[in-house]
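Trainee: I'd like a close look at a single part of this protein, taken slowly. Could you pick one piece and walk me through it and what surrounds it?

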Amino acid sequence: MDKEDLLIKWLDGELNDAELALFKQLPEYASYKKLYDNASYFKSPVIDKQKQYANFKSLLEKETSTSKYKTSIKYVLRIAAVLVIGFGLYFTVLKEDLVKVNTLVAQQTTIDLPDNSEILINADSKIKYNEKNWSKKRVLTLNGEAFFKVAKGNKFDVKTDLGTVSVLGTQFNVKQRGNLLEVKCFEGVVSVTFNNSDIKLPAGNTLRLINGKFIKGKTTQLKPSWIDGKSTFDSIPYHEVLDEFERQFDVDIVLSNFDKQKIFTGSFTNDNIELALKSITQPFKLSYDLKDNQIRIFKYE
């Protein structure tokens with residue numbers, strides 16, 4: 001019996017004693033076991049699972065046409081099912097107990113950390129943390145956007161490429177995309193550290209770092225709008241809006257005859273692409289062509 005068959009039978013609980021002993025001798029056994037044991041930390045993502053199943057299967061089949069890889073689809077899908085994390089989420093546990101959680105475009109998910117802190121992760125985002133050392137040092141790295149509900153306890157740090165957000169117990173949203181870092185505090189107080197600056201941000205306040213410049217603001221929201229299916233922007237360069245549109249709808253956008261650095265304030269819904277396109281084009285009197293997953297946005301001269 002080959003490795004793939006052993007893995008499938010193990011996931012289904014169908015190995016006999018001899019097969020189980022053989023399976024435990026595999027070099028990958030420790031990794032398989034750790035993945036299975038850590039499944040309890042995750043909740044199912046809020047996505048259309050049937051649609052994502054089709055997308056995921058199609059993606060795998062496009063990667064290669066060899067029969068060997070197509071055969072592996074069966075056990076890859078079973079692994080995802082056993083972990084109860086849906087197909088919009090990849091997570092791996094490395095040898096040094098480093099857990100990585102990646103969401104795909106057009107998808108979101110929710111995870112629970114070992115201390116019962118909760119993270120809602122937006123589309124096309126990555127989170128990484130050390131599970132084994134979590135009780136001593138609550139630190140994770142973020143590339144993308146996530147909403148944090150932090151349990152009371154020791155210091156909690158969210159590290160990004162542009163700065164670090166630190167709290168003890170609160171609710172806040174962090175978005176780091178390229179040269180943009182945006183932090184919104186909904187409860188308690190957070191501290192944002194960038195280079196030699198340390199800025200305290202009480203509830204109801206926002207802080208944006210874009211191209212090395214800080215901009216403070218206010219918010220009356222109790223949670224980020226993207227959780228309710230709407231992407232909202234306040235004085236953001238237009239190219240950032242288009243990038244977020246691509247993430248939410250899994251499309252490619254080409255902008256013609258228009259300055260992508262123009263400042264945009266507004267929002268778009270994440271569940272109706274036609275309505276969303278009107279929301280981001282009408283303020284600038286732009287036109288658009290939509291064909292399949294390709295969008296051209298332009299302005300007549």
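Mentor: Let's take helix H6 as our part, and then visit some other spots in the chain. Keep in mind that this is a predicted model, so everything below is about a prediction.

Let me set the scene. The protein chain has seven helices and 19 strands, and H6 is one of those helices, running over residues 238-249. The chain holds 301 residues, and 47% of them are buried. On the outside, the chain exposes about 15,900 Å², with carbon and sulfur atoms supplying 48% of that area. Now think about who touches whom. If you take the contacts with a separation of 6 or more, 45% of them are made by residues 24 or more positions apart.

Now for H6 itself. This helix has twelve residues, and from its first C-alpha to its last it reaches 17 Å. At 1.5 Å a residue you would expect 16 Å, and the model is close to that.

Is H6 enclosed or out in the open? Nine of its twelve residues are buried, so the helix is largely enclosed by the rest of the structure. Here's the list to click through: Tyr238, Glu240, Val241, Leu242, Glu244, Phe245, Arg247, Gln248 and Phe249.

Let's follow one of those, Glu240, to another part of the chain. Asn179 sits 61 residues from Glu240 in sequence, yet their C-alpha atoms are 9.9 Å apart in space. You'll find Asn179 in the loop between E9 and E10. Leaving out residues up to four places away in sequence, Asn179 touches Leu162, Leu209, Ile210 and Asn211.

Next, look at what comes straight after the helix. H6 is followed by Asp250, which has a positive phi, near 55°. Why point that out? Most residues other than glycine have a negative phi. Asp250 belongs to the loop between H6 and strand E16 (residues 252-256). Its relative accessible area is 44%, so Asp250 is partly exposed; the partly exposed class runs between 20% and 50%.

Asp250 also has company from elsewhere in the sequence. Once residues up to four places away are set aside, it touches Val105, Ala106, Phe245 and Asn293. Phe245 is one of the buried residues of H6, which gives you a link back to the helix. Asp250 and Gln107 are 143 residues apart along the chain, but 9.2 Å separates their C-alpha atoms.

Two other residues have that sort of phi. Ser235 has a positive phi near 55°, and it lies in strand E15. With 35% relative accessibility, Ser235 counts as partly exposed. Asp292 has a positive phi near 55° too, but its place is in the loop between strand E18 (287-291) and strand E19 (294-298). At 69% relative accessibility, Asp292 counts as exposed.

Strand E15 brings us to the empty space inside. Rolling a probe the size of a water molecule over the atoms shows where empty space is left. Here the count is two cavities of 30 Å³ or more. The largest cavity has about 130 Å³ of space. Its lining is made of 15 residues, and the ones nearest its centre are Glu145, Lys184, Ser225, Trp226 and Thr232. Strands E9 (171-177), E10 (180-187) and E15 (230-237) are the elements that give two or more residues to this lining. E15 supplies the largest share, four residues.

Finally, here are two buried serines to compare with partly exposed Asp250. Ser166 is in strand E8 (residues 164-167), and its 12% relative accessibility makes it count as buried. The side chain of Ser166 makes a polar contact of 2.6 Å with the side chain of Asp157. Beyond four places in sequence, Ser166 touches Lys155, Phe156, Asp157, Val189, Val190 and Ser191.

The other serine is Ser117, in the loop between strand E3 (109-112) and strand E4 (118-121). Ser117 is buried, with a relative accessible area of 1%. Its C-alpha is 5.7 Å from that of Lys149, although the two are 32 residues apart in sequence. Lys149 is also among the contacts of Ser117, and so is Phe156. Phe156 turned up a moment ago as well, in the list for Ser166.

Conventions: Residues are numbered from 1 along each chain as its sequence is written. This is a predicted model: local features need pLDDT of at least 70, side-chain atom pairs count only at pLDDT 80 or more; totals for chains, interfaces and linings use all residues. Side-chain values use heavy atoms; hydrogens and water are left out. The expected span of a helix is 1.5 Å times one less than its number of residues. Buried means under 20% relative accessible area, exposed over 50%, partly exposed in between (1.4 Å probe, protein chains only). Contact means heavy atoms within 4.5 Å. Accessible areas come from the Shrake-Rupley method with a 1.4 Å probe; for residues, only the protein chains shown count as cover. A polar contact is a pair of N or O atoms within 3.5 Å; within protein, one must be able to donate a hydrogen and the other to accept it, and residues adjacent in sequence count only if both atoms are side-chain atoms. On a 1 Å grid over the protein atoms alone, a cavity is a set of points where a 1.4 Å probe fits but cannot get out, and a pocket is an open set with protein on both sides within 12 Å along at least five of seven lines; lining residues have an atom within 4 Å of a point. Grid points are joined across faces, edges and corners, and a volume is the space filled by probe spheres set on the points.
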